Amino acid sequence: MKILATADSHFGYEFGRTSQAKNQSIQKMFDVYQEVMKQAKSERVDLVLHGGDMFNRSQPKEKIISEAYNIIRNLAEDGIPFIGIPGNHDRSKLPESLLNFISKDIYLLSKFSAIEIEDLVILGFPFIGKDPRVILSKTYNLAKSSPQKSFLILCHQLFDGAMFGPHQHVFKNKSDTLVTTDLPENVRLILSGHIHRAQSLQNRRVFYTGSLERTSFMEIVEPKGYLLINLEDDYLDVKFQKIETSPMEVKELDITNVNQISKLIEQHYPDNSIRTQLRFFGRKLTEDEIKFLWSYLPAKEFPLISFSPKKPSHILRKLYNNKKKNFQFEAS
Ligand SMILES: [Mn+2]
């Protein structure tokens with residue numbers, strides 16, 4: 001069985017300050033998702049999964065819901081089943097839709113469900129904030145009672161060893177980090193959203209698909225993509241398929257000996273297509289300079305500025321400069 005998995009599409013997410021920038025970022029997310037669904041069709045997958053945080057807010061605008069669900073409906077019309085679970089941003093509930101009723105191939109879950117597709121049982125768990133270990137016990141019991149079947153968990157949780165952010169923080173040994181080693185062998189695969197960085201954990205049994213677009217500068221070092229999975233009785237292959245995302249960069253500008261920042265900004269501020277965070281250090285900005293920034297930057301696409309009297313962290317810049325080297329899909 002061939003499966004395509006994504007998560008954390010955060011439909012409706014607005015990046016930037018101007019309304020033009022916000023609308024563009026909303027559209028970009030839909031365009032990327034549509035592109036990935038085209039891949040699902042051309043790869044002739046048997047199933048598409050979404051690991052939660054489909055929407056950025058728990059009550060998205062009508063327009064956002066219908067655009068997202070239209071993409072899913074198109075997929076089902078081509079005979080490809082879709083299963084989506086809600087994440088923490090969805091407040092563990094996906095917006096109600098007639099889609100759930102008109103198509104037998106679309107599962108937009110707002111409560112735990114076991115769905116059988118061919119020989120595979122997909123256990124879909126909406127995000128659980130408190131005591132998520134119930135996922136492990138429930139799965140254990142179901143898998144033990146049907147040893148002849150294969151199981152796949154679709155969820156939106158923290159797993160032990162998950163790595164997050166440019167400082168490579170690792171979640172470990174917490175009450176809400178899950179360890180899957182005790183699950184029976186017929187639990188073949190665990191797919192999760194939540195951590196936006198694609199990675200495999202716990203002996204390549206747990207996979208984060210990662211998000212499709214960066215929603216924060218915390219994700220600057222991460223390549224983005226989706227997972228293509230080949231799952232047979234005696235065979236499992238998971239591939240990370242990289243996709244192009246909106247460029248993002250951090251500019252750190254030393255203004256100690258700069259009298260007029262306007263020239264510096266005009267020279268260093270990049271073209272419209274790049275999401276840039278400007279970080280100033282060396283001295284404080286004057287009132288006139290702040291006024292200049294606020295009048296100059298809103299005309300541009302993605303003005304994000306942070307003011308720091310000290311030299312900013314080297315870590316982010318170092319990781320950014322070596323972002324290709326630093327990324328490991330096979331992190332454990
Ligand atoms: Mn998310």
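These are my notebook entries on a predicted model, working from the metal site outwards.

**Metal site**

I started with the manganese ion and looked up what holds it. Its donors are Asp 8 (OD), His 10 (NE2), Asp 53 (OD) and His 196 (NE2), at 2.1 to 2.3 Å. Along the chain these donors follow the spacing D-x1-H-x42-D-x142-H. I then checked where two of them sit: Asp 8 is in the loop between β1 (2–6) and α1 (19–42), while His 196 is in the loop between β12 (187–192) and β13 (199–201), so the pair ties together parts that are 188 residues apart in sequence. Buried or exposed, I asked of Asp 8 and His 196? Both are buried.

**Glu 222**

Next I went to Glu 222, since His 196 is among the residues that Glu 222 touches. The others on that list are Gly 165, Arg 197 and Arg 214, leaving out residues up to four places away in sequence. I found Glu 222 in the loop between β14 (206–208) and β15 (224–232). Its relative accessible area is 2%, and the cut-off for buried is under 20%, so Glu 222 counts as buried. What does its side chain pair with? I noted a polar contact of 2.8 Å to the side chain of Lys 224.

**The strands β1, β2 and β3**

Back to β1, the strand ahead of the Asp 8 loop. β1 runs parallel to β2, and 4 bridges join the two. I picked out one pairing here: Ile 3 has Leu 47 in β2 as its bridge partner. β2 also pairs with β3 (residues 82–84), in the parallel sense, over 3 bridges. In that pairing I found Val 48 bridged to Phe 82 of β3. I looked at the side chains of β2 (residues 47–50) too: Leu 47 and Leu 49 point one way, Val 48 and His 50 point the other way, and all are buried.

**The six-stranded sheet**

Then I followed β12, the strand before the His 196 loop. β12 belongs to an open sheet of 6 strands, in the order β5-β6-β7-β12-β14-β13, with mixed pairing. β5 (113–117) and β13 stand at the edges with a single partner strand each, so one side of each has no neighbour in the sheet. I got an average twist of 20 degrees from one strand to the next. β12 and β14 run parallel and are joined by 3 bridges. Leu 191 stands opposite Phe 207 in β14. I also noted helix α4 (residues 134–145), which lies across β6 (120–124), β7 (150–155) and β12, running at about 160 degrees to β7.

**β17, β18 and helix α5**

Last, I looked towards the later part of the numbering. How many bridges join β17 (residues 248–254) to β18? I counted 7, and the two strands run parallel. Met 248 has Arg 275 in β18 as its bridge partner. In β18 (residues 275–281), 7 of 7 residues are buried. Arg 275, Gln 277, Arg 279 and Phe 281 take one side, with Thr 276, Leu 278 and Phe 280 on the other, and both faces are covered.

For helix α5 (residues 261–268) I listed the buried residues as Ile 261, Ser 262, Leu 264 and Ile 265. Down the axis of α5 they fall within an arc of 165 degrees, so they line one face of the helix. On the other side, Lys 263 and Gln 267 are exposed. A note to myself on helix geometry: an α-helix has 3.6 residues a turn, so residues three or four places apart point the same way.

Technical notes
Residues numbered from 1 in each chain as written. Predicted model: local features only at pLDDT ≥ 70, side-chain atom pairs only at ≥ 80, totals over all residues. Heavy atoms only, no water. Donors = N, O, S within 2.8 Å, 3.2 Å for Na, K, Ca; no water. Buried < 20%, exposed > 50% of the residue type's maximum accessible area, 1.4 Å probe, protein only. Pairing = 2+ DSSP bridges. Polar contact = N/O pair within 3.5 Å; in protein donor to acceptor, adjacent residues only side chain to side chain. Contact = heavy atoms within 4.5 Å. Arc of directions from axis to C-beta. Axes fitted to C-alpha atoms, helices over the stretch in contact; angles between N-to-C directions.
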